[in-house]
Amino acid sequence: MTPLGTVLFIAGFSKVLCICDRNNGPVGEPECVRLNGYNGKQWATCLTDDYIQSNSFGTIKCEDRQTKYCYYQCMVELHGMNDGLVTQDCSCNELTKHNISIQTDLPSWCLSPSLDDCRWIGECLQKRYRCTGYLGKSDAMEFTQKVCQAYSFHYQRFSLEGGKWLNGVRKCLQSKLVPFLRPWMKATCNTINLRALQSQYQCLNVPGIGLPSICNTTSEDLWSLFWTLHEIMEDNAINYYSLFNLLTAILSCEKHMYKPDTLELMKYQVNQKRFFSNKFEPTEYDKYDISKKVTKFISREMKWQETGISCYAFVEGLPVQTMTNNVIWNVSIIITSKSKYDFNDKNLFPKTYQKR
């Protein structure tokens, strides 16, 4: 794969009626194009230069620096690939070109957002897909929205580098979902959840070129974000995975490991009875379920809720199936005081940082 350049080349189109006016757009107008370096036709969308630069963190721009609008190819927007095989989700032909319809019930800014605030999820993506209800709810959207709001509501409480990192993370998480508003995208709530979950670790580690990585931020910033999100997010499997992705990213940096003065790690072995003799192959939901049960039991016994203690349990490694078909899980629990890290806790000791 060729590294992404600093210019979005629109001159590579062959036999295309370019209806993307450099000054007037319109935003969201699709075109089926063949570009140099790719082995097939792909969709391209008329978008603002501002959005293209924001989406690519400044690595891609319209070729003509005097233009306001230009085409942005699907393979770059969706997969970050500047050449090579055109994947099925970006591929098009003359037949598919005439079988798509432009979404007209969304404001134009939804299709080419700045992502400088937290409106896009609620006013654009959820309006298009309406992922609500027990089974249809796209909970990965909730994580993206809560991360965005954590920056909007508490940015002054993060360090300078931490604020830059978190601002990049919120933009990165949202930008990964913007392509779902393209007219050729046929997505479901599960599809959106999957892409949101898959993009979390990447966005959390290095949200963009020129931005601080997660290892360049302070432990105070990261644990504050983790526990603030933990306390306000609904308890369900997808949010559990999202928080686990954040935890995994934090612990990938040695300096952010558990701090004995403010965080305590407890380890348990849990013997789960089974009534079936077949081989047990745990799912991600099984891990969430056992973690939730352990947390609920120990928290109640230790009266953590009443004493202002937050806890998060997670499974380490694979469970072991015994000769009697029971399953032994290794479960770890991190505990801390809410007043130490949760920004929404009224007893949190105020933090002050230098002015930006």
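Helix 9 and helix 10 of this predicted model are roughly perpendicular to each other, because their axes cross at roughly 90°. The two axes come within 10 Å. Helix 9 spans residues 237-251, and helix 10 covers residues 284-302. From helix 9, Ala237, Tyr240 and Tyr241 take part in the contact. Helix 10 meets them with Glu284, Tyr285, Lys287, Tyr288 and Ser291.

Helix 9 also matters for the count of the largest nonpolar core, giving it 10 residues, the largest share. That core has 86 residues. Those with the most contacts inside it are Trp120, Leu125, Ile192, Trp223 and Phe226. What does Phe226 touch, leaving out residues up to four places away in sequence? Its partners are Leu243, Leu246, Leu247, Ile250 and Tyr312. Another core lies apart from this one. It has 15 residues, including Met266, Ile290, Ile298 and Val327.

The two cores side by side:

| Core | Residues in core | Among its members |
|---|---|---|
| Largest nonpolar core | 86 residues | Trp120, Leu125, Ile192, Trp223, Phe226 |
| Another core, apart from it | 15 residues | Met266, Ile290, Ile298, Val327 |

Next comes helix 4, residues 119-129. Which of its residues are buried? They are Trp120, Ile121, Cys124, Leu125, Arg128 and Tyr129. These residues lie on the same side of helix 4, because they cover an arc of only 120° around the axis. Trp120 and Leu125 are also among the residues with the most contacts inside the largest nonpolar core. Just after helix 4, Arg130 takes a positive phi of about 50°.

Helix 11 is made of residues 338-341 and contains Lys338. Is Lys338 buried or exposed? Lys338 counts as buried, because its relative accessibility is 13% and the cut-off for buried is under 20%. Lys338 touches Glu231, Gln305, Gly308, Ile309, Ser310 and Asp345, with residues up to four places away in sequence not counted.

The model also holds an open sheet of 3 strands. Their order is 1-2-3, and the pairing is antiparallel. Strand 1 (30-34) and strand 3 (69-73) are the edge strands, each pairing on one side only. On average, neighbouring strands of this sheet are turned by 40° against each other, direction ignored. Strand 2 takes in residues 41-48. Strand 2 and strand 3 pair over 5 bridges, in the antiparallel sense. Where does Thr48 find its bridge partner in strand 3? The partner is Tyr69.

Note on methods. Residues numbered from 1 in each chain as written. Predicted model: local features only at pLDDT ≥ 70, side-chain atom pairs only at ≥ 80, totals over all residues. Heavy atoms only, no water. Pairing = 2+ DSSP bridges. Helix = DSSP H or I, 4+ residues; strand = E, 2+ residues; numbered from the N terminus. Axes fitted to C-alpha atoms, helices over the stretch in contact; angles between N-to-C directions. Buried < 20%, exposed > 50% of the residue type's maximum accessible area, 1.4 Å probe, protein only. Arc of directions from axis to C-beta. Core = buried A, V, L, I, M, F, W, Y, C linked by side-chain atoms within 4.5 Å. Contact = heavy atoms within 4.5 Å. Parallel < 35°, antiparallel > 145°, perpendicular 65-115°, else oblique.
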